Amino acid sequence: EFLEDHQVKVHVEIEPGPFDDAKQRAARRIAKKTKIPGFRPGKAPYPVVLRYIGEPAILEEAMEILIDDLYPKVIEEANITPYGPGILENVNVDPPTLEFRIPLSPTVELGDYRSIRVPYDFPGISDEEFKTTIDELRERQVIIEPVDRPAQEGDQVYIRLSAVRLNPKETQESELIKERDAQIIIKPEKSDETEYPFTGFSRYLIGLSAGDEKSFSYTYPEDHNYKDLIGVQAEFHIKVNEVKSRTLPELNDEFAQSFGEFSTYSELETAVKQSLEEQAKKDFNLEYDDKVLSEIVSISNIKYPPQMLEKEIDHAIRNLEERISQYRMDMDLYLKSRNLDISGLREELRPGTEARIKKSLVLMEIKEKEKIEVDQEELRTETSRTLAAIDQYMPKDKARKVTSDRESLSNLVNNIMFDMLTEKTAEKIRAIASGQEDLQAIEEPDQAGGETPIQENTPAPETAIEKPKRKQTKKKVEEE
């Protein structure tokens, strides 16, 4: 019986012979674990075990035996491909019947993805992006020195800062900024760079020397990033503690040579532009691929069981726990800070997780359609590169565990292969949607390749003949 949520109910009728045999085996199994007076373990006859243990216990054990024996045959006879283990929902003894609910492996009916066209307009990097990166490199070598003069543009000024609201509402405190120390770099006059406590603040420091104090009022504009501050009139008070000059290095060959990899500034400039271009293209491709996959999803028929979604939400929560642990925060504290409980978090994660599942399933189906494979030599090269990185950056004991344990190494290779297949499939979709594949077909004649591809070593699904869970009580099902 096929259900709407991509699961099936399977009703199994058990013939008397196998059922009686299972009861006999169950009695022997119980007798081995139970001390029955007058008999060695496992030697008590069935009638004695029945009287001593009781029929319910024997039937319970017999059903477990039948599930182990019959479940693989049930899957085969029903001609289904499970996503994971089923759940035993109903059991009847007279006549002996079982009822399973089994999640099905996901299916994808692709729409005409080859007809989709999305313009590929990679903008490259701007002069401003390049300048910002060079400025960051210069900042690493800035020379900061105390000066005995008034502050000027480019200086770093150490101040004591406070601010109060001029016209606070009844529910507002008058104190806007509690008195604190701050370091401020005086920006150029026409700079639109965001500053604390407001853009253009640093210009108020020009002309002030150590020991000077200054007060002034400011009204936050209508386009301010923080809505709570829009229209707020405030009076700021500044006391200058120290003024320091900031001297940035010249953009010359000596500056380039200070990074140890370049002989001339031209070489550094080329390397920076190339690095920025590569990263910008990666970021652009991620957004482009996501847009194309979203369009393919919208014209495809994708089915998957609810267990798959719940499992992926579990995975997303584990990832979130790892991320917030880096900030010394546990899940309970995180949920309290957001006024959420775990069920609310699961519902919040559900839409994004569903979208990722659909895109991932579509991607893997296209991999099959397009016969995407990984070249063996490429896999060896990438695996060697990854192992070298592990040896270099991972603690020695953990690195040794990965490289010496057969199972860990096998998992690593499988993960590398999966990532390579995913990337190759994304490149294929990108070439189709952008029209690049059409151009290549025109420009390049067909050539027979000499590479030896290998097929993906896809791990077996959680499925197949795995023993189903038993639905014993309503409470237990809810807990699971």
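Two helices count as roughly perpendicular when the angle between them falls within 65 to 115 degrees. Keep that range in mind for this predicted model, where helix 7 and helix 9 pack at an angle of about 110 degrees. The two helices are therefore roughly perpendicular to each other. Here is a quick tour of that pairing, followed by a look at helix 12.

**Helix 7 on its own**
- Helix 7 covers residues 306-325, which makes 20 residues.
- From first C-alpha to last, helix 7 reaches 29 Å, close to the expected 28 Å.
- Its buried residues are Met308, Leu309, Ile313, Ala316, Ile317, Leu320 and Ile324.
- The cover over those buried residues includes helix 8 (331-337) and helix 9 (342-369).

**Where helix 7 meets helix 9**
- The axes of helix 7 and helix 9 lie 8 Å apart, and their crossing is right-handed.
- Helix 7 brings Met308, Leu309, Glu310, Glu312, Ile313, Asp314, Ala316, Ile317 and Leu320 to the contact.
- On the helix 9 side, the contact residues include Ile342, Leu345, Arg346, Leu349 and Arg350.
- Sorted by character, the residues of this contact are 11 nonpolar, one polar and seven charged.

**Helix 12 and what follows**
- Helix 12 spans residues 406-434, with 29 residues.
- Its first and last C-alpha atoms are 42 Å apart, close to the 42 Å expected at 1.5 Å a residue.
- Among the buried residues of helix 12 are Leu412, Ile416, Met417, Met420 and Leu421, along with Thr425 and Arg430.
- Gly435 comes after helix 12 and has a positive phi, near 85 degrees.

Methods: Residues numbered from 1 in each chain as written. Predicted model: local features only at pLDDT ≥ 70, side-chain atom pairs only at ≥ 80, totals over all residues. Heavy atoms only, no water. Helix = DSSP H or I, 4+ residues; strand = E, 2+ residues; numbered from the N terminus. Expected span 1.5 Å × (residues − 1). Buried < 20%, exposed > 50% of the residue type's maximum accessible area, 1.4 Å probe, protein only. Contact = heavy atoms within 4.5 Å. Axes fitted to C-alpha atoms, helices over the stretch in contact; angles between N-to-C directions. Parallel < 35°, antiparallel > 145°, perpendicular 65-115°, else oblique. Left-handed = near helix turned anticlockwise from the far one by under 90°. Nonpolar A, V, L, I, M, F, W, Y, C, P; charged D, E, K, R; others polar.
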